[in-house]
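This report covers one acidic residue, the metal site and the cysteines. The structure is shown first.

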Amino acid sequence: MREHTALSEKIEVIVPEEGEVFDIELEEDLLEANRRIAEENKQLLEKHGVRAIDVMGSVGSGKTTLIEKLIALLKDKHRIAVFGGDVTTTIDAERLRKSGAKTLQINTGKECHLDANLVRKALNKMDLNNIDVLFIENVGNLICPAEFPLGTDSRVVVISVTEGPYTPLKHPYIFMEADVAVINKIDLAEAMGVDVDELEAKIRKVSPDIVVVKTSCKTGEGIEKVAKALGLL
Ligand code: MG
Ligand code: ZN
């Protein structure tokens with residue numbers, strides 16, 4: 001018996017057949033219902049002149065820190081609110097509240113993404129007349145948040161160089177859905193052996209029109225560029 005598979009042999013890949021994924025029709029209905037509510041959210045936000053930004057990315061990519069830094073930069077210019085999306089904890093919302101922004105936690109219970117219905121519930125609890133900018137920190141996940149638009153004006157995906165060089169190729173869909181990609185923790189790029197320009201090229205390969213901004217939330221580099229890319233500065 002061989003101990004190792006010869007490298008020249010292709011790895012066998014298991015893929016679902018058409019109709020094999022459970023509840024595929026239910027899922028289609030669900031996504032359609034989500035899109036409808038997202039459209040309503042968008043109209044509600046527009047009516048009150050609120051610019052909303054969906055911040056997506058893996059656990060540990062730096063979403064909360066990026067939002068903290070953006071609030072610090074923009075708080076004299078805009079009235080800012082934040083929704084912190086998480087499965088069960090309030091850790092990030094507690095942090096964000098200290099920034100002085102109005103903060104609301106959205107716990108999904110089990111779900112690994114926010115959906116438009118949960119965001120609508122949160123919007124109904126806010127006085128939208130007193131808000132100019134709303135940051136929504138999505139649940140740390142690179143897969144399903146892409147499929148669930150929330151009704152925001154912009155979508156940002158944050159990745160960190162600590163995730164290694166392949167995130168855009170492994171999860172292209174979230175980059176295709178996003179308007180802005182933030183490559184964060186560039187101060188660690190050398191230590192991680194990651195070429196930031198190559199990472200940017202990979203992002204552009206899967207999403208040619210996306211705006212890419214390189215940041216270090218630690219040093220503050222690039223934060224103004226993110227605010228400009230979002231039309232907030
Ligand atoms: Mg966070
Ligand atoms: Zn999910």
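## A buried acid without a salt bridge

In this predicted model, Asp-92 is buried but forms no salt bridge. The nearest side chain of opposite charge belongs to Arg-95, 4.3 Å away. Because a salt bridge requires the side-chain nitrogen and the carboxyl oxygen to lie within 4 Å, Arg-95 at 4.3 Å does not qualify as a partner for Asp-92.

Asp-92 is found in helix 3, which spans residues 91-97. The relative accessible area of Asp-92 is 17%, so this residue counts as buried, the cut-off being under 20%. Apart from neighbours within four places in sequence, Asp-92 is in contact with Thr-64, Asp-86 and Glu-137.

## The magnesium site

Which residues coordinate the magnesium ion (ligand 1)? Thr-64 does so through OG1, Asp-92 through OD and Glu-137 through OE, at 2.0 to 2.1 Å. Along the sequence, these donor residues follow the spacing T-x27-D-x44-E. Thr-64 and Asp-92 link distant parts of the chain, with Thr-64 in helix 2 (residues 63-74) and Asp-92 in helix 3, 28 residues apart.

Thr-64 has a relative accessibility of 6% and therefore counts as buried.

## Cysteines

How many disulfides does the structure hold? The number is zero. Cys-144 is buried, because its relative accessible area is 14%. Cys-112 has a relative accessibility of 34%, so Cys-112 counts as partly exposed.

Notes
Residues are numbered from 1 along each chain as its sequence is written. Chains are lettered from A and ligands numbered from 1 in the order in which they are written. This is a predicted model: local features need pLDDT of at least 70, side-chain atom pairs count only at pLDDT 80 or more; totals for chains, interfaces and linings use all residues. Side-chain values use heavy atoms; hydrogens and water are left out. Helices (H or I, at least four residues) and strands (E, at least two) are DSSP runs, numbered from the N terminus. Buried means under 20% relative accessible area, exposed over 50%, partly exposed in between (1.4 Å probe, protein chains only). Lys and Arg count as positive and Asp and Glu as negative; His and the chain ends are not counted. Contact means heavy atoms within 4.5 Å. A disulfide is a pair of cysteine sulfur atoms within 2.5 Å. Donors are N, O and S atoms within 2.8 Å of the metal (3.2 Å for Na, K and Ca); water is not among the atoms, so sites may look incomplete.
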